[in-house]
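Here is a friendly walk through one protein chain, taking its charged pairs before its sheet and its core. Keep the coordinates open beside the text as you read.

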Amino acid sequence: ATPATGTRPGLLRKDFIFTRYQIVEARAYGADSVLLIVAIQDTMKNAGESLQSLILFSRSLGMEPVVEVVTEQEMDCAFAAGARVVGINNRDLTTFKVDLGRTEHLMRYAGFALREKLSEVTFVSLSGVNTGSDLQHIHRGSPAVRVALVGTSLMRAADPAELLRAWSAG
């Protein structure tokens, strides 16, 4: 549930966000957060924005953005821009292969890069979570990751609530 309403799940605009207008649009449609993808920083710059400016603008509207990373260099950019919620994408966007080990690898790196500030950042595992076993695998390898974005499995499930109950029980 969102802090503002306490009655519904949070709503994330998962899109290629590179302008303030898109963030305003997301908020106007009820989004609680937006996805900012570090890999498209050049597109942000071409639109006259930076990752940091979009993070700060999101916060000015009461939204904490999820900043998506795939590499150590992208994680450094996210930290430098002041990201408080970092999403580690397990899907390679060039080959579309999923590697749940990416979360574990980048969390080891984050522990080294952030050290004492690690507890100030919320980490989310993105993509490729299809089973309760996948969630357990991520948590065993990266205990600091307490959030996972699950989309396809829930969309395809005949009873999404039952799927989540089964995953929680396992």
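Helix α8 (residues 160-169) holds both Glu162 and Arg165, which sit three residues apart, about one turn of the helix. In this predicted model, the two form a salt bridge, with the closest N and O atoms 3.3 Å apart. Glu162 is partly exposed at 40% relative accessibility, and Arg165 is partly exposed too, at 49%. Elsewhere, salt bridges that share partners join Arg13, Asp15 and Glu25 into one network.

The structure holds seven salt bridges. Three of them, including the pair just described, are set out here with their N to O distances.

| Acidic residue | Basic residue | N to O distance |
|---|---|---|
| Glu49 | Arg20 | 3.0 Å |
| Glu64 | Arg84 | 3.3 Å |
| Glu162 | Arg165 | 3.3 Å |

The bridge between Glu49 and Arg20 links distant parts of the chain: Glu49 is in the loop between α2 (41-46) and α3, Arg20 is in helix α1, and 29 residues separate them. Is Glu49 buried or exposed? Glu49 counts as buried because its relative accessibility is 14%, under the 20% cut-off. Its partner Arg20, at 34%, counts as partly exposed.

Glu64 and Arg84 also meet through their side chains. Glu64 lies in the loop between α3 and β3 and Arg84 in the loop between α4 and β4, so this pair ties together parts that are 20 residues apart in sequence. Both ends are partly exposed: Glu64 has a relative accessible area of 24%, and Arg84 is at 44%.

Now to the sheet. Six strands form an open sheet with parallel pairing, in the order β1-β2-β3-β4-β5-β6. Its edges are β1 (12-13) and β6 (147-149), each of which pairs on one side only. Further in, β3 (residues 66-69) and β4 (residues 85-89) pair over three bridges, and Glu68 stands opposite Gly87 in β4. Helix α3 (residues 51-60) packs on this sheet, touching β2 (33-37) and β3, and its direction makes about 175° with that of β2.

That leaves the nonpolar interior. Which residues have the most contacts inside the largest nonpolar core? They are Leu36, Leu51, Val69, Met75, Val86 and Phe123, in a core of 42 residues. Among the elements that give two or more residues to this core are α1 (20-28), α4 (72-80) and β5 (122-126). Helix α5 gives the most, with five residues. Leaving aside neighbours within four places in sequence, Phe123 is in contact with residues including Met75, Phe79, Val86, Ile88, Met107 and Val147. In soluble globular proteins, nonpolar side chains tend to be buried together.

Key:
Residues are numbered from 1 along each chain as its sequence is written. This is a predicted model: local features need pLDDT of at least 70, side-chain atom pairs count only at pLDDT 80 or more; totals for chains, interfaces and linings use all residues. Side-chain values use heavy atoms; hydrogens and water are left out. Two strands pair if DSSP finds at least two bridges between them. Helices (H or I, at least four residues) and strands (E, at least two) are DSSP runs, numbered from the N terminus. Contact means heavy atoms within 4.5 Å. Axes are lines fitted to C-alpha atoms, for helices over the stretch in contact, and angles run from 0 to 180 degrees between N-to-C directions. A nonpolar core is a set of buried Ala, Val, Leu, Ile, Met, Phe, Trp, Tyr and Cys residues joined through side-chain atoms within 4.5 Å. Buried means under 20% relative accessible area, exposed over 50%, partly exposed in between (1.4 Å probe, protein chains only). A salt bridge is a side-chain nitrogen of Lys or Arg within 4 Å of a carboxyl oxygen of Asp or Glu.
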